Amino acid sequence: MSWEEMFKGDFAADDVRAYGELVEHLHAVQNALASMPMDREAIDGLAADLAGWRERLEPLTTDEQHQVNGRVAELPVRGHAMLPELLVTSRTRDRVEGTVRFGRWFMGGGMAVHGGAVTLLFDEVLGILASLAAGGITRTAYLNTSYRALTPIDTELEAIAWIDRVEGRKWFVRGELRHGDVVCAEAEGLFLRLLPEQGLGKRTTD
């Protein structure tokens with residue numbers, strides 16, 4: 001089973017649209033929450049609303065192969081609600097390019113993106129390329145990020161990943177996050193192609 005088949009769910013087009021709207025609203029709520037002042041009335045009301053959401057959602061919990069999150073291939077980052085919305089504009093077996101905009105939710109300080117969120121993005125874009133190039137599921141063995149300049153929030157950025165070299169099941173991938181001509185961050189990672197018997201639920205130390 002290929003990487004794309006493993007992470008693709010069989011969803012009707014209208015269901016995909018509806019879930020995409022849900023994730024869009026969630027991201028907007030996260031950005032608004034990250035931007036709000038201390039307002040006790042709003043906080044108490046929102047906490048009560050979220051408690052209701054939790055009561056509604058918890059009975060719907062299912063296993064990984066049947067969840068929607070991260071398995072909607074038609075949506076950016078497969079509809080994975082945790083990830084910044086990476087829009088892939090070009091994809092080959094050697095290179096992936098895309099654009100991303102980090103909202104206020106991902107801010108670390110000084111109106112700049114949190115360093116951990118930058119690494120989260122790199123894990124996604126480098127991992128996409130590694131799995132496409134390997135023709136199957138890969139896992140991150142290591143991922144090193146070098147921060148070259150502050151990464152601005154609420155700004156369209158360019159994310160690029162390319163294959164550096166391949167050694168057996170080891171795929172070495174590099175990437176950049178750019179704001180125009182400015183390189184905000186660079187990354188280099190090692191991804192291991194899983195053996196058929198390892199599937200998604202087993203780790204590898206090879």
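These are my notebook entries on selected side chains, backbone angles and surface features of this structure.

**Entry 1. Starting point**

I note at the outset that the model is predicted. I follow the numbering in which residues count from 1 along each chain as its sequence is written.

**Entry 2. The loop between H3 and S1**

I began with the loop that runs between helix H3 (40-57) and strand S1 (86-91), where Val77 has its place. Arg78 is found in this loop between H3 and S1, and the place of His80 is there too.

I looked up the backbone angles. Most residues other than glycine have a negative phi. Val77 is not a glycine, yet its phi is positive, at about 45°. Arg78 also has a positive phi, near 55°, and is likewise a residue other than glycine.

I then asked of Val77: is it buried or exposed? Val77 has a relative accessibility of 9%, so it counts as buried. Arg78 counts as buried because its relative accessibility is 14%. For His80 I found a relative accessible area of 19%; the cut-off for buried is under 20%, and His80 is therefore buried.

I also looked up the contacts of His80. With neighbours within four places in sequence left aside, His80 is in contact with Asn69 and Gly70.

**Entry 3. Glu124 and its partner**

I turned next to helix H4, which covers residues 115-134 and holds Glu124. Which residues does Glu124 contact, leaving aside its neighbours within four places in sequence? I found Val77, Arg78 and Leu83. Two of these names, Val77 and Arg78, I had already met in the loop between H3 and S1.

The contact with Arg78 includes a salt bridge: the side chains of Glu124 and Arg78 meet at 2.6 Å, N to O. This pair links distant parts of the chain, with Glu124 in helix H4, Arg78 in the loop between H3 and S1, and their positions 46 residues apart. I recorded that both Glu124 and Arg78 are buried. For Glu124 the relative accessibility is 11%, and the residue therefore counts as buried.

**Entry 4. Salt bridges in helix H2**

How many salt bridges does the model hold? The count comes to ten.

One that I followed joins the side chains of Arg17 and Glu21, at 3.0 Å from N to O. Arg17 and Glu21 both lie in helix H2, four residues apart, which is about one turn of the helix. Arg17 has a relative accessible area of 43%, so it is partly exposed. Glu21 is partly exposed because its relative accessible area is 37%.

**Entry 5. Arg165 and its surroundings**

I looked up Arg165 and found two partners. With Asp164 it forms a salt bridge, the closest N and O atoms being 3.2 Å apart. Salt bridges that share partners, I noted here, join Asp14, Arg17 and Glu21 into one network.

The other partner of Arg165 is an aromatic ring: Arg165 lies over the face of Phe172, at 3.8 Å from the ring centre. I recorded Arg165 as partly exposed, because its relative accessible area is 39%. Asp164 has a relative accessibility of 38% and therefore counts as partly exposed.

**Entry 6. Aromatic rings**

A pair of aromatic rings is described by the distance of the centres and the angle of the planes. I searched for such pairs, and the count comes to one. Phe102 and Phe106 form this pair, with 5.7 Å centre to centre and 85° between the planes. Planes over 60 degrees apart count as edge-to-face, and the pair of Phe102 and Phe106 is accordingly edge-to-face. Both Phe102 and Phe106 are buried.

**Entry 7. A nonpolar patch on the surface**

My last search concerned the surface. Which residues form a nonpolar patch there? I found Val29, Leu50, Trp53, Leu57 and Leu60, with about 530 Å² of accessible area together. Helix H3 gives the most to this patch, with three residues.

I followed one member further. Val29 is found in helix H2, residues 13-35. Its relative accessible area is 41%, so Val29 is partly exposed. Helix H2 thus appears twice in these entries, with Val29 and with the pair of Arg17 and Glu21.

How values were computed. This is a predicted model: local features need pLDDT of at least 70, side-chain atom pairs count only at pLDDT 80 or more; totals for chains, interfaces and linings use all residues. Side-chain values use heavy atoms; hydrogens and water are left out. Rings of Phe, Tyr and Trp (its six-membered ring) pair if their centres lie within 6.5 Å; planes under 30 degrees apart count as stacked, over 60 as edge-to-face and the rest as tilted. Buried means under 20% relative accessible area, exposed over 50%, partly exposed in between (1.4 Å probe, protein chains only). A charge sits over a ring if NZ of Lys or CZ of Arg is within 6 Å of the ring centre and within 35 degrees of the ring normal. Helices (H or I, at least four residues) and strands (E, at least two) are DSSP runs, numbered from the N terminus. Contact means heavy atoms within 4.5 Å. Patches are made of residues with over 30% relative accessible area and no salt bridge: like charges are joined within 9 Å, nonpolar side chains (Val, Leu, Ile, Met, Phe, Trp, Tyr) within 5 Å. Accessible areas come from the Shrake-Rupley method with a 1.4 Å probe; for residues, only the protein chains shown count as cover. A salt bridge is a side-chain nitrogen of Lys or Arg within 4 Å of a carboxyl oxygen of Asp or Glu.
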